[in-house]
Amino acid sequence: MIVFLTDWGNSHYVGICKGVIRQISDSEIIDLTHEITSFNVREAMYILSRSFYHFPKNTVFLAVVDYGVGGSRKAIAAKTKNYYFVGPDNGLFTLVFEEEPPLEIRELNNKKFHYLDSNTFHGRDIFAPAAAHITNGNFKKLGDLLPNYATIPYIKPKKDSKSIFGEVAYIDKFGNIETNIPFEWLKDLDFIKIKNKRKLIEIPIVNFYSETETGQLLAHNDSTGFLEIAINQGNASKKLNLNSGDPLELIL
Amino acid sequence: MIVFLTDWGNSHYVGICKGVIRQISDSEIIDLTHEITSFNVREAMYILSRSFYHFPKNTVFLAVVDYGVGGSRKAIAAKTKNYYFVGPDNGLFTLVFEEEPPLEIRELNNKKFHYLDSNTFHGRDIFAPAAAHITNGNFKKLGDLLPNYATIPYIKPKKDSKSIFGEVAYIDKFGNIETNIPFEWLKDLDFIKIKNKRKLIEIPIVNFYSETETGQLLAHNDSTGFLEIAINQGNASKKLNLNSGDPLELIL
Amino acid sequence: MIVFLTDWGNSHYVGICKGVIRQISDSEIIDLTHEITSFNVREAMYILSRSFYHFPKNTVFLAVVDYGVGGSRKAIAAKTKNYYFVGPDNGLFTLVFEEEPPLEIRELNNKKFHYLDSNTFHGRDIFAPAAAHITNGNFKKLGDLLPNYATIPYIKPKKDSKSIFGEVAYIDKFGNIETNIPFEWLKDLDFIKIKNKRKLIEIPIVNFYSETETGQLLAHNDSTGFLEIAINQGNASKKLNLNSGDPLELIL
């Protein structure tokens with residue numbers, strides 16, 4: 001099974017990659033999502049890390065989100081204990097590889113396994129065919145062994161007697177702030193106090209949006225076990241001026 | 001076959017549920033739509049009721065749209081003559097069950113058939129696995145028999161010598177007003193007269209948007225046989241201040 | 001395999017058509033995209049022509065994008081050397097049929113192969129079932145032979161010693177201007193000079209958006225080998241007032 005993640009929207013670029021896969025493999029293709037914010041590698045890193053372990057063993061994850069800048073990032077495929085991951089070596093797999101350390105990483109530099117040699121559409125020409133070839137058992141042929149992989153810096157959640165630290169994982173389409181702070185650290189609290197623009201803002205912890213008035217900030221447990229900060233019918237990201245990667249400090 | 005309906009957009013939450021299904025079942029998964037307006041159970045009720053009968057016998061409908069409020073709605077699965085339906089017991093199946101009366105309803109309270117026990121993501125933890133287990137023939141094991149199901153009140157379309165009554169089924173993404181009034185009741189008319197804000201508005205019945213000027217209201221037969229009220233390149237819902245569930249009266 | 005293209009968004013109309021297909025055929029269904037701008041047949045023409053050849057031989061393309069106007073366009077299915085195409089005879093296949101000339105065109109007028117006889121939803125009632133019946137080997141039964149097909153006029157890209165001519169293929173969701181001018185014609189240039197509102201605008205050719213300042217126009221090679229004109233974090237279509245089908249002239 002190939003699970004497909006991009007920042008392309010549900011565009012024909014996604015469809016084309018599926019066509020290329022079908023020229024090589026009959027493996028099922030499931031869309032994880034294509035709604036990653038454009039060029040937001042950090043958001044993709046978090047969403048992939050919160051999703052991959054719900055898929056069956058041997059799933060091949062085809063994740064294509066790049067920075068919108070030049071540079072010489074490699075194209076890679078990695079084998080872990082349970083899965084395969086294919087995508088750009090730009091840090092997208094930072095969190096996934098902490099949980100599923102790569103046993104073997106291949107640089108996708110064997111041109112025999114590329115689709116076209118265009119240099120403008122790596123998803124179609126390098127990554128999608130690599131995922132398809134892995135489902136055919138050809139992981140080792142995709143290219144040379146790589147000793148390591150790129151990571152991106154992020155603030156690991158931590159807790160001391162006075163504070164909880166973490167970062168904004170991503171902003172969802174409603175402007176809700178998804179964090180990397182485990183909600184269980186907050187389970188005995190009625191509210192959080194968050195440092196924002198030199199002020200300390202108190203936000204109630206609720207089970208349902210409807211427990212607050214329209215326009216009010218609220219904190220709750222998102223579907224995947226992390227703190228989410230939202231506004232009932234509003235945009236918390238804009239209100240607090242917080243974006244993906246921004247540091248968070250909660251005062252205990 | 002599992003047919004999947006939510007209000008989550010094409011997000012990774014949809015993808016994750018498919019992963020959970022694949023851990024249990026190889027059944028095909030088809031998206032009905034994930035573009036239901038957030039928390040709009042009535043819209044989901046109408047869209048499901050206008051869609052389900054186009055799918056083959058034995059299709060399992062996995063429909064997850066909830067109100068954004070607390071409460072103790074049950075999780076259910078129902079077997080009808082031709083189909084299975086899985087989702088929250090919040091009235092979402094009101095119309096479907098009028099057409100396909102449930103022969104057997106199970107509360108999804110057998111935790112052996114849950115995926116995780118998180119209480120924050122019923123789609124992933126209760127509904128998706130239930131749909132998957134049904135495709136494996138385990139409908140009866142999902143939980144206890146329920147004698148009845150929740151409904152939501154709605155205005156059934158009716159006609160007398162002076163008026164036609166109905167309601168707004170939902171507003172589509174263009175602001176078009178989708179109603180529950182059968183278009184065949186209007187087929188001999190050239191226009192409808194609709195009561196709106198104490199005024200009587202006359203709207204021409206047309207076959208194509210292009211028969212009216214830009215910005216003008218028009219009435220026509222939507223794809224599924226019901227009256228739709230729209231504005232050529234405009235937003236009829238805003239213009240008439242009509243939303244899902246609002247009553248409609250057409251004067252004959 | 002059926003590859004599905006519409007301007008319906010990811011709505012339940014798409015889901016319903018898949019249900020209808022499944023009543024007839026078990027063939028795999030892949031979405032090319034449903035994000036074509038409403039009623040934009042020209043955009044669909046370009047996107048289909050840049051996508052179809054990435055799919056395996058014998059793929060059936062189900063492409064349903066119509067003008068929002070009345071008229072008596074036929075419903076057709078065509079067999080080419082490598083593929084089948086099903087859709088309205090409104091010019092949508094103009095470019096595809098230049099590359100893959102139709103060997104046999106059928107008008108979809110055999111009502112035995114229609115799903116419902118509603119006249120309001122040709123996608124569900126005529127086109128989707130036709131695509132499904134083709135996967136069952138029934139192409140020839142779909143209706144009468146047609147000697148030719150409709151085309152839409154467009155400006156073929158051409159080059160002389162002073163200028164390059166072409167047209168705007170479509171505008172993508174970011175407002176980027178996708179053209180039909182082959183990028184290889186520009187490969188030795190550092191910038192393009194484009195005629196716009198009687199002015200001559202010079203636009204640098206770059207490899208990455210990040211090579212320009214925010215808000216600046218840029219030209220580059222899109223993923224499929226054609227010139228794209230964009231603004232780094234802006235809307236080039238609005239800035240230059242260029243839309244699908246508008247003529248382009250680049251001064252050499």
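How many residue pairs are in polar contact across the interface of chain A and chain B? In this predicted model, the rule finds 8 such pairs, both residues being at pLDDT 80 or more. On the side of chain A that touches chain B, strand 2 (residues 29–33) of chain A makes the largest contribution, with 4 residues. By class, this side of chain A holds 11 nonpolar, 9 polar and 6 charged residues.

The contact itself takes 26 residues from chain A and 22 residues from chain B. Together the two chains bury about 1,800 Å². Carbon and sulfur atoms account for 55% of that area. Three residues stand out on chain A: His54(A), Phe208(A) and Ser223(A). They provide 30% of the area that chain A buries against chain B, more than any other three residues. The interface of chain A and chain B has 1 salt bridge. Its partners are Glu28(A) and Arg22(B), with the closest N and O atoms 2.7 Å apart.

Chain B also meets chain C. Here 26 residues of chain B are in contact with 22 residues of chain C. The buried area between chain C and chain B is about 1,800 Å², with 55% on carbon and sulfur atoms. On chain C, Asn10(C), His12(C) and Arg22(C) supply 28% of the area buried against chain B, more than any other three residues. There is 1 salt bridge across the interface of chain C and chain B. It joins Arg22(C) to Glu28(B), and the closest N and O atoms are 2.7 Å apart. The rule also finds 8 residue pairs in polar contact across this interface, both at pLDDT 80 or more. Helix 1 (residues 12–24) of chain C gives the most to the side of chain C that touches chain B, namely 9 residues. That side of chain C divides into 8 nonpolar, 11 polar and 3 charged residues.

Chain C has contacts with chain A as well. Ser223(C) sits in the loop between strand 13 (217–221) and strand 14 (226–231) of chain C. Its relative accessibility is 18%, so Ser223(C) counts as buried. Neighbours within four places in sequence aside, Ser223(C) is in contact with Tyr13(A), Thr120(A), Phe121(A) and Arg124(A).

Over all chains, the count of salt bridges comes to 33. One of them joins Lys18(C) and Asp31(C), with the closest N and O atoms 2.9 Å apart. Lys18(C) belongs to helix 1 of chain C and Asp31(C) to strand 2 (residues 29–33) of chain C, so the pair ties together parts 13 residues apart in sequence. Lys18(C) is buried, at 8% relative accessibility. Asp31(C) is partly exposed, at 22%. A further salt bridge links Glu167(C) and Arg42(C), at 2.9 Å from N to O. Glu167(C) lies in strand 9 (residues 163–171) of chain C and Arg42(C) in helix 2 (residues 41–49) of chain C, so this pair ties together parts 125 residues apart in sequence. Glu167(C) is buried, with 1% relative accessibility. Arg42(C) is buried too, with a relative accessible area of 19%. The salt bridge of Asp117(C) and Lys111(C) spans 3.7 Å from N to O. Asp117(C) is exposed, with a relative accessible area of 64%. Lys111(C) also counts as exposed, at 56%. In chain A, salt bridges that share partners join Glu104(A), Arg106(A) and Lys140(A) into one network.

Aromatic pairs number 45 over all chains. Phe93(B) and Phe97(B) form a stacked pair, 5.3 Å centre to centre and with 25 degrees between the planes. Both Phe93(B) and Phe97(B) are buried. In chain C, the rings of Phe93(C) and Phe97(C) have centres 5.3 Å apart and planes at 25 degrees, so this pair is stacked. Phe93(C) is buried at 2% relative accessibility, and Phe97(C) is buried at 3%. In chain A, one aromatic cluster includes Phe93(A), Phe97(A), Phe52(A) and Tyr149(A).

Helices also contribute buried residues. In helix 2 (residues 41–49) of chain B, 9 of the 9 residues are buried, so this helix is largely enclosed by the rest of the structure. Among them are Arg42(B), Glu43(B) and Tyr46(B). His133(A) lies in helix 4 (residues 122–135) of chain A. His133(A) is buried, with a relative accessible area of 14%. Beyond residues up to four places away in sequence, His133(A) touches Ile24(A), Phe113(A), Asn138(A) and Leu142(A).

Key
Residues are numbered from 1 along each chain as its sequence is written. Chains are lettered from A and ligands numbered from 1 in the order in which they are written. This is a predicted model: local features need pLDDT of at least 70, side-chain atom pairs count only at pLDDT 80 or more; totals for chains, interfaces and linings use all residues. Side-chain values use heavy atoms; hydrogens and water are left out. Contact means heavy atoms within 4.5 Å. Buried area is the accessible area (1.4 Å probe) that two parts lose on being put together, summed over both. A salt bridge is a side-chain nitrogen of Lys or Arg within 4 Å of a carboxyl oxygen of Asp or Glu. A polar contact is a pair of N or O atoms within 3.5 Å; within protein, one must be able to donate a hydrogen and the other to accept it, and residues adjacent in sequence count only if both atoms are side-chain atoms. Helices (H or I, at least four residues) and strands (E, at least two) are DSSP runs, numbered from the N terminus. Ala, Val, Leu, Ile, Met, Phe, Trp, Tyr, Cys and Pro count as nonpolar, Asp, Glu, Lys and Arg as charged, and the others, Gly among them, as polar. Rings of Phe, Tyr and Trp (its six-membered ring) pair if their centres lie within 6.5 Å; planes under 30 degrees apart count as stacked, over 60 as edge-to-face and the rest as tilted. Buried means under 20% relative accessible area, exposed over 50%, partly exposed in between (1.4 Å probe, protein chains only).
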